[in-house]
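Here are some worked exercises to try with the model open in your viewer. Have a go at each task before you read its solution.

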Amino acid sequence: MAQIDEHNVLTILGEQILPGKSATVNFNIAKLYTASSVEVPIIIERAVEPGPVILITSGIHGDEINGVEIVRQLIAKKINRPKIGTIICVPVVNIFGFLDMKRAFPDGRDLNRVFPGNPRGSLASRFAYQFVKKILPVADLCLDFHTGGASRFNVAQVRIDPLDVNSMKYATIFNAPFTLHSKVISKSYRATCSRMNKSTILFEGGKSKVSDKEIAREGVYGTMRVLSHLEMLGDMFTVPEAPEPSVLVESTRWMRAKYSGLLHTKVICGERLEEGQHIATITDPYGKFRHVVKAKNEGYVINVNEASLVYQGDAIFNISRDHNEDQDEAGAEEEV
């Protein structure tokens, strides 16, 4: 189990990292069919002075590149070198999925649905178990970076359980453009962190298989604000100010395609809509059919389906709504 002893020595994955030192420790529990080892690099930076331990993860889903880019920038720009305490970065948790540009593990399981894992379970479950036992215990605060699934583009946001006071505090400090109330899904990484009393910031932005500069910037800047609050941000950095306070979204509602066809969207993520506003058009390929999609309520666009083709019933927009409205079909996008 990862731990820091009375002499401020960090022990993780069998390695000891002294105060003020840097280390990359490889986490490996399985091999490819060819017997080649698959290493998950754990990048550790420690200050001389004791302080919080921040665990920063991305790539729990192997095709979510935006999160990987955010953590990469934190490392490349040396933002992960703390004034006090320890910062542990895992840029690609699901290295198997990353190699194939697939969301799941090779066993077909979604890693973010098998926590806290099982030492005798599937490959994903075994990996989750080892991660929870050997890395997670030392963390005081977890920052986990994700993107929208498939062709769905998420506005830059953090998701928090409104009953989790500490996570709400850190979400306010992170100050992403949007903050969504989001229930904790059973067997997710966030659920395990919650059970272990680890405060967690779950960041969402962009879509899978695409790296978006603006989304990455929001993730990096939010992390810098959190590190500054904890007095961990290096003196060479200026704390980036958010242009305005995060918009709190207590509830959202998906709009689904009424017809199959070509989808032509008219609005972008983060845009404020008026009820009845023309937000998309669905057409057939033959120039014979045209359906106008109108917003059912006033609110912000939280997610846009950027697919060119949709089937009847496909989710095409997720729009914020007032908490006093009828809650049928409401709810933020299912946790990543």
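The exercises below concern a predicted model, and each one is followed by its solution.

**Exercise 1. Describe the surroundings of Ser-22, and decide whether this residue is buried, partly exposed or exposed.**

Solution.
- Start with the backbone: Ser-22 belongs to strand E4, which covers residues 22-27.
- Next, take the relative accessibility, which is 48% for Ser-22. Buried needs under 20% and exposed needs over 50%, so Ser-22 counts as partly exposed.
- Now list the contacts, leaving out residues up to four places away in sequence: Ser-22 touches Ile-44 and Glu-45.
- Look at the side chains: those of Ser-22 and Glu-45 make a polar contact at 2.5 Å.
- Finally, compare sequence with space. Ala-47 is 25 residues from Ser-22 in sequence, and their C-alpha atoms are 8.9 Å apart.

**Exercise 2. Work out how strands E16 and E17 are arranged, and which residues of E17 are on its covered face.**

Solution.
- Find the pairing: E16 (residues 278-283) and E17 run antiparallel and are joined by 5 bridges.
- Check one position in the pair: Lys-294 of E17 has His-278 opposite.
- Follow the connection: the two strands form a hairpin, with 6 residues between them. In that turn, Gly-287 has a positive phi of about 75°.
- Sort the residues of E17 (290-294) by face: His-291 and Val-293 are on the covered face, while Arg-290, Val-292 and Lys-294 are on the uncovered one.

**Exercise 3. Characterise the packing of helix H4 against helix H6.**

Solution.
- Begin with the axes: those of H4 (residues 165-174) and H6 (residues 213-229) come within 8 Å and cross at roughly 120°.
- Add the handedness: the crossing of H4 and H6 is right-handed.
- Pick out the residues in contact. H4 contributes Tyr-170, Ile-173 and Phe-174, and H6 contributes Glu-218, Gly-219, Gly-222, Thr-223, Arg-225, Val-226 and His-229.
- Classify them: the contact has 4 nonpolar, 4 polar and 2 charged residues.

**Exercise 4. Inspect the backbone at Ala-35, Lys-187 and Pro-116, and say what stands out.**

Solution.
- Recall the background: most residues other than glycine have a negative phi, and most peptide bonds are trans.
- Take Ala-35: its phi is positive, about 75°, although this residue is not a glycine. Ala-35 sits in the loop between E4 and strand E5 (40-46).
- Take Lys-187: here too a residue that is not a glycine has a positive phi, of about 70°. Lys-187 lies in the loop between strand E10 (178-181) and helix H5 (189-195), and with a relative accessible area of 49% it is partly exposed.
- Turn to Pro-116: the peptide bond joining Phe-115 and Pro-116 is cis, with omega about 5°. Pro-116 is in the loop between helix H2 (95-100) and helix H3 (123-134).

**Exercise 5. In the sheet that holds E1, E2 and E3, find the strand order and the edge strands.**

Solution.
- Read the order: the 3 strands form an open sheet, E1-E2-E3, with antiparallel pairing.
- Identify the edges: E1 (3-4) and E3 (15-17) each pair on one side only.
- Look into one pair: E1 is joined to E2 (residues 10-12) by 2 bridges, and the bridge partner of Gln-3 in E2 is Thr-11.

Conventions: Residues are numbered from 1 along each chain as its sequence is written. This is a predicted model: local features need pLDDT of at least 70, side-chain atom pairs count only at pLDDT 80 or more; totals for chains, interfaces and linings use all residues. Side-chain values use heavy atoms; hydrogens and water are left out. Helices (H or I, at least four residues) and strands (E, at least two) are DSSP runs, numbered from the N terminus. Buried means under 20% relative accessible area, exposed over 50%, partly exposed in between (1.4 Å probe, protein chains only). Contact means heavy atoms within 4.5 Å. A polar contact is a pair of N or O atoms within 3.5 Å; within protein, one must be able to donate a hydrogen and the other to accept it, and residues adjacent in sequence count only if both atoms are side-chain atoms. Two strands pair if DSSP finds at least two bridges between them. Axes are lines fitted to C-alpha atoms, for helices over the stretch in contact, and angles run from 0 to 180 degrees between N-to-C directions. A crossing is left-handed if the near helix is turned anticlockwise from the far one by less than a right angle, and right-handed if clockwise. Ala, Val, Leu, Ile, Met, Phe, Trp, Tyr, Cys and Pro count as nonpolar, Asp, Glu, Lys and Arg as charged, and the others, Gly among them, as polar.
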